[in-house]
Amino acid sequence: MDVNIDMSDKVSGNMAPPPQSEQKNLFSSVFNRSRVPNIAELLREVRQNIRPWSEFLNMSNFKTVANIQRLSGRLVRNLAYFQSNYLFVFLGLVLYCLLTSPLILIVLGGVFYACYKVRQLNTKITILQRELNAGQQCILINCAAIPILYLAGAGAAMFWVLGASFFVISLHAVFYNIDAVVTEDTETFLAETV
């Protein structure tokens, strides 16, 4: 038994896609590009967006928040406004961790020196009947260094840096009263990111 339902008068083929909002988020400048940015572009963008350290560390702007809705709004706004400063806090903790872990520093120094020598000599070597150029040799050196770095405690150091960064950045983002520093110039920036 075949059933035919004629709905040609009720269905049309003229459909329009829903309008896309041009709302910018925290990382829109990095992830919405058609190509991968180079390091120089990223550094220039981070330098342009860094806020003054006196503003970032102004103790009179640290206040508790009244409710959860304002807390989440403050967290997002602070992360958007101070993202370059938070990157420098993370890099400072990485540097501190490296300076207080001499064994990791020695292994990294050895890896950098070995890669420097391989690039300087620029000779091909054969491993398992396969020729490796200088770039492939550096990749092999880096892969061979992973277990040595693990034994030197790089895994624990990495998780310490991630945990400490998350803790410090979260504390700043939660307790820093961003409304105290919002001006007419920055209000449009924050309206676009939130």
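This briefing describes aromatic contacts, one helix and one loop in the structure above. The model is predicted. A search of the whole structure finds 9 aromatic pairs, and eight residues, namely W53, F56, F62, Y81, F82, Y86, F88 and Y176, form one aromatic cluster. The helix α8 has its buried residues on the same side, while the loop between β1 and β2 holds L128 and Q129, each with a positive phi.

**Aromatic pairs and their surroundings**

- In the pair formed by F62 and Y176, the ring centres are 5.4 Å apart and the planes stand at 85°, so this pair is edge-to-face.
- F62 belongs to the loop between α3 (53-56) and α4 (68-81), whereas Y176 belongs to the loop between α8 (154-175) and α9 (184-193); the pair therefore ties together parts that are 114 residues apart in sequence.
- The two partners differ in exposure: F62 is partly exposed, with a relative accessible area of 28%, but Y176 is buried, at 0%.
- Y81 and F82 also make an edge-to-face pair, with 4.9 Å from centre to centre and 80° between the planes.
- Both Y81 and F82 are buried.
- Y81 has a charged neighbour as well: the charged end of R51 sits over the ring of Y81, 4.1 Å from its centre.

**The helix α8**

- The 22 residues of α8 reach 31 Å from the first C-alpha to the last, which is close to the 32 Å expected at 1.5 Å a residue.
- The buried residues of this helix are A157, V161, A164, S165, I169, H172 and A173.
- These residues cover an arc of only 150° around the axis, and they therefore lie on the same side of α8.
- An α-helix has 3.6 residues a turn, so residues three or four places apart point the same way.
- The buried residues of α8 pack against α3, α4, α5 (83-99) and α6 (102-121).
- On the other side of α8, the residues A156, F159, F166 and F167 are exposed.

**The loop between β1 and β2**

- L128 is located in the loop between β1 (125-127) and β2 (130-132).
- The phi of L128 is near 55°, a positive value in a residue other than glycine.
- L128 is exposed, and its relative accessible area is 81%.
- Q129 lies in the loop between β1 and β2, and its phi is also positive, at about 60°, although Q129 is not a glycine.
- Q129 is exposed, with a relative accessible area of 80%.

Methods
Residues are numbered from 1 along each chain as its sequence is written. This is a predicted model: local features need pLDDT of at least 70, side-chain atom pairs count only at pLDDT 80 or more; totals for chains, interfaces and linings use all residues. Side-chain values use heavy atoms; hydrogens and water are left out. Rings of Phe, Tyr and Trp (its six-membered ring) pair if their centres lie within 6.5 Å; planes under 30 degrees apart count as stacked, over 60 as edge-to-face and the rest as tilted. Helices (H or I, at least four residues) and strands (E, at least two) are DSSP runs, numbered from the N terminus. Buried means under 20% relative accessible area, exposed over 50%, partly exposed in between (1.4 Å probe, protein chains only). A charge sits over a ring if NZ of Lys or CZ of Arg is within 6 Å of the ring centre and within 35 degrees of the ring normal. The expected span of a helix is 1.5 Å times one less than its number of residues. The arc is that of the directions from the helix axis to the C-beta atoms. Contact means heavy atoms within 4.5 Å.
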